[in-house]
Amino acid sequence: MSGHGADSTEDFNARYRMVGESAARRAERSVIGADYGATSYTTLAQANTLAGLLGLTSGQLLLDVGSGAGWPGIYLARSTGCSVVLSDLPLEGLRAASRRLQREGVDGTVVAASGGALPFRTSAFDAVTSSDALC
């Protein structure tokens with residue numbers, strides 16, 4: 001990874017370390033409507049719209065590319081009954097997502113992978129989402 005990429009990854013890791021701080025969680029609940037330690041600006045209303053547009057249901061598999069700490073992928077899986085694969089590079093975010101999956105009893109997996117080189121076969125997923133990963 002280039003020096004710039006390594007710096008960016010460490011910047012994201014530092015942001016995910018702040019996730020549990022009460023002020024950050026209160027701000028996220030106020031602005032987004034949930035407290036997943038999000039680095040996404042997808043609101044709860046937008047996540048609900050996304051679930052409807054994707055037609056997610058039990059028995060389906062959702063891929064969330066650039067998932068960070070799991071928002072909105074975990075929420076979508078919990079609210080629709082689908083399973084989710086959360087994919088990203090910052091390990092701190094994936095650790096937070098893994099803890100959230102366990103805590104909420106959501107059927108999901110975390111995979112450390114770049115959105116540009118995903119290790120999945122073609123047509124492995126029923127739906128794919130990505131929130132703010134390209135900014």
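Helices H3 and H4 are oblique to each other, and that pair is a good place to start a walk through this predicted model. The axes of H3 (residues 44-54) and H4 (residues 73-80) are 10 Å apart and make an angle of about 55°. An angle that falls outside the ranges for roughly parallel, roughly antiparallel and roughly perpendicular counts as oblique, so H3 and H4 get that label. Their crossing is right-handed.

Which residues of H3 meet H4? On the H3 side they are Leu44, Ala47, Asn48, Leu50 and Ala51, and on the H4 side Tyr75, Leu76 and Thr80. By class, this contact has six nonpolar residues, two polar ones and no charged ones. In an α-helix, residues three or four places apart point the same way, because there are 3.6 residues a turn.

**The overall layout**

Stepping back, the protein has five helices and four strands. Along the sequence they follow the pattern α-α-α-β-α-β-α-β-β. Of the 135 residues, 39% count as buried. Among contacts with a separation of 6 or more, 58% come from residues 24 or more positions apart.

**The sheet**

The four strands form an open sheet in the order E3-E2-E1-E4, with parallel pairing. Strand E3 (108-112) and strand E4 (127-129) stand at the edges; each has a single partner strand, so one side of each has no neighbour in the sheet. From one strand to the next, the twist averages 20°.

Strands of a sheet pair through backbone hydrogen bonds, in either the parallel or the antiparallel sense. Here, five bridges join E2 (residues 83-88) to E3, and these two strands run parallel. Asp88 stands opposite Ala112 in E3. E1 and E2 also pair in the parallel sense, over five bridges, and Asp64 has Leu86 in E2 as its bridge partner.

How much of E1 is buried? Four of its five residues are, so E1 is largely enclosed by the rest of the structure.

**H4 against the sheet**

H4 brings the two themes together. This helix lies across strand E1 (61-65), E2 and E4, and runs at about 180° to E2. Six of the eight residues of H4 are buried, so the helix is largely enclosed by the rest of the structure. The buried ones are Gly73, Ile74, Tyr75, Leu76, Ala77 and Thr80. What covers them includes H3, E1, E2, helix H5 (91-104) and E4.

**Three residues compared by accessibility**

Here are three residues from different parts of the chain, with the relative accessible area of each.

| Residue | Relative accessibility | Class |
|---|---|---|
| Val84 | 1% | buried |
| Asn48 | 39% | partly exposed |
| Ser123 | 67% | exposed |

Val84 lies in strand E2. Leaving aside residues up to four places away in sequence, Val84 touches Leu61, Leu62, Asp64, Gly73, Ala77, Leu101, Val106, Asp107, Gly108 and Thr109. One of these, Asp64, is 20 residues from Val84 along the chain, and their C-alpha atoms are separated by 7.2 Å.

Asn48 lies in helix H3 and is one of the residues that meet H4. At 39% its relative accessible area falls between the buried and exposed cut-offs of 20% and 50%. Asn48 and Pro72 are 24 residues apart in sequence, and their C-alpha atoms are 9.4 Å apart in space.

**Backbone points worth a look**

Most residues other than glycine have a negative phi, and most peptide bonds are trans. With that in mind, where is the cis peptide bond? The bond from Trp71 to Pro72 is cis, with omega near 5°. Pro72 lies in the loop between E1 and H4.

At the other end of that helix, H4 is followed by Gly81, whose phi is positive, near 90°.

Ser123 is a residue other than glycine with a positive phi, near 65°. This serine lies in the loop between E3 and E4 and counts as exposed, at 67% relative accessibility.

**In short**

H4 is a handy reference point for viewing the model. On one hand, H4 packs against H3 at about 55°; on the other, H4 lies across E1, E2 and E4. The loop between E1 and H4 holds Pro72, and Gly81 follows the helix.

Conventions. Residues numbered from 1 in each chain as written. Predicted model: local features only at pLDDT ≥ 70, side-chain atom pairs only at ≥ 80, totals over all residues. Heavy atoms only, no water. Axes fitted to C-alpha atoms, helices over the stretch in contact; angles between N-to-C directions. Parallel < 35°, antiparallel > 145°, perpendicular 65-115°, else oblique. Left-handed = near helix turned anticlockwise from the far one by under 90°. Contact = heavy atoms within 4.5 Å. Nonpolar A, V, L, I, M, F, W, Y, C, P; charged D, E, K, R; others polar. Pairing = 2+ DSSP bridges. Buried < 20%, exposed > 50% of the residue type's maximum accessible area, 1.4 Å probe, protein only.
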